[in-house]
Amino acid sequence: MIEELNKCIESNKEQMVQSLCEIVGIPSKYGRPKEGAPYGEESRRALGFAMDLGRKLGFETVVNVGDRVCYIEYGTGTKVVGVFAHLDIVPEGDGWTYPPFGGEIHNNRVYGRGTVDNKGPFIASLYALYAIKECGLSLGDYRIRIVGGTNEEKGMDDMKYYVSQCGAPDAGFTPDGLFPMSFTERGINYYYMSYGFSERSTSKVRVLELHGGEILNMVPDRAFAKLEVSDAAEADRVMKLVEEYRQTTGRDVTARLEEDRIEITSRGLCAHSCTPFNGKNAIVAILMLLADLGINGSMGAFLKFFAEKIGMTTDGSLLGMKREDECGKLTFSLSKMDVDEKGLTWVANIRYPYTYKDQVTEDFTARVAPEGIVVHEVDAHNTYRFPMDHPLIRTLRGVYEELTGKDSTPSHEGGTYAQVVPGIVPFGSIFPGTPDLCHRPDECIDIDEYVLDAKLFGNAMYALTREDL
């Protein structure tokens, strides 16, 4: 532990907090691609903010990599220690106590989308490197590079591009998970599927359309459906069933009748799709309601399959795919669905343990294909596993133990840049016992923990330059 480094970080606390509040004010959600802004104007603006801050802090090497990624670097060696964070965010969703882009401070916490995932850790890492520079610490044959991406939440194409242009670091970490650290992550597969309606529904209630889901790695908190009913008596029946469903399940599902149309709105609770059990899936709530309405035809067959083989579960158990190993448990999340009179398209996100990596797609396809569901594409993010005695693991564990005095036994993570950048692992930034508010309302970071983040990142960066990795 470098006391001089820690004191320098503490002295810059106010600057760190101010910089975080400012970047939180940039709503850097994925936007329409434009020239010079491949992921939208706001993501590009966040990238510009990061580069400008690097220059203000006196770094001579500030590099824009294709308007997708930036890096700020210190040192002159031939080897690179990299810290990989992201500046893009998921949509804010509903249910906030404080403005999601206000960067307001309450109860010693900075509130706003991205404070934890992942703008806060990026700013903390940058100020940690600034402290290393100001302290004049020798890095030997290393450079330390803080890398900021802008497409992590939409597929990580940004970091795939970075690796293709700049290569992989010699060692490093991504501050986009949990402390103490992780040695492995579950694999992530996105299944893009369709189901055609070959048999039209002849029931007194028909589904005209259904829509839900915006960001694929987020439990959807909003969904909408429009139904057609045959007569007033059927409309009355459906309206009563909606209210009964609302009362018995506690789900926020409401209906509005207009002539022979019923519009159903579902509001759930957003959560990261790596922990779908922390959210309330708004699409699933509507599907389970529809399954009780007596709809027939192809739509009815799909609803029956969904209710029996997926339902409200998030562990794959009804599909016969429940799995667990040291890498974690399998999770299933319905990310997106669109229905019209011709059929439906949907995207499911399955996160799976390391030992299931060679079988998961075959098993899932075998479950859905007999129902007439076609899997058109599988977007796969690979799983990995570091040995416990790897120098990177030992070094990061040592830093965490020395600064916190707590157990450093590694855990497992959801999905980070470590899946596309070789040679790095997740290291922080959420501490044991701190609620994980990523992708949820009232995302915030405790200022004292934020400063401790910077100390851990700074000491870890420096320690990695001391190792023969």
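What radius of gyration would a compact globule with 469 residues have, and what does the chain have? Hi everyone, let's start there. A compact globule of that length would come out near 23 Å, and the chain has 24 Å, which agrees. Please keep in mind that this is a predicted model.

For the overall dimensions, the C-alpha atoms fill a box of roughly 80 × 45 × 45 Å along the principal axes. Inside that box, the chain has 11 helices and 24 strands. I'll take you through one sheet and one helix pair.

First, the sheet. This is an open sheet of 6 strands, with the order 1-2-6-3-7-22 and mixed pairing. At the edges sit strand 1, residues 61-65, and strand 22, residues 424-426, and each of these pairs on one side only. On average, neighbouring strands of the sheet are turned by 20° against each other, ignoring direction.

Let's look at the strand 22 edge. Here strand 7, residues 171-174, pairs with strand 22 in the parallel sense, over 3 bridges. If you'd like a residue to click on, try F173, whose bridge partner in strand 22 is V425. Helix 10, residues 391-404, packs on the sheet here, touching strand 7 and strand 22. The direction of helix 10 makes about 40° with that of strand 22.

Now over to the strand 1 edge. Strand 1 and strand 2 pair in the antiparallel sense over 5 bridges, and T61 stands opposite E73 in strand 2. These two strands form a hairpin with 3 residues between them, and G66 in that hairpin takes a positive phi near 65°. As a general reminder for anyone tracing side chains, in a regular strand they alternate between the two faces of the sheet.

On to the helix pair. Which helices have axes that come within 8 Å and cross at roughly 55°? They are helix 4, residues 119-135, and helix 11, residues 447-466. That angle makes helix 4 oblique to helix 11, and the crossing is right-handed.

And who meets whom? On the helix 4 side, the contact includes I123, A124, L129 and I132. From helix 11, the residues they meet include Y450, F457, M461 and Y462. Taken together, the residues of this contact divide into 11 nonpolar, 3 polar and 1 charged. Among the helix 11 residues in the contact you'll also find D453 and G458.

That's my tour, thanks for listening, and I'm happy to go back to any of these views.

Terms used:
Residues are numbered from 1 along each chain as its sequence is written. This is a predicted model: local features need pLDDT of at least 70, side-chain atom pairs count only at pLDDT 80 or more; totals for chains, interfaces and linings use all residues. Side-chain values use heavy atoms; hydrogens and water are left out. Two strands pair if DSSP finds at least two bridges between them. Helices (H or I, at least four residues) and strands (E, at least two) are DSSP runs, numbered from the N terminus. Axes are lines fitted to C-alpha atoms, for helices over the stretch in contact, and angles run from 0 to 180 degrees between N-to-C directions. Contact means heavy atoms within 4.5 Å. Angles under 35 degrees count as roughly parallel, over 145 as roughly antiparallel, 65 to 115 as roughly perpendicular and the rest as oblique. A crossing is left-handed if the near helix is turned anticlockwise from the far one by less than a right angle, and right-handed if clockwise. Ala, Val, Leu, Ile, Met, Phe, Trp, Tyr, Cys and Pro count as nonpolar, Asp, Glu, Lys and Arg as charged, and the others, Gly among them, as polar. The radius of gyration is taken over C-alpha atoms; the globule rule is 2.2 Å times the number of residues to the power 0.38.
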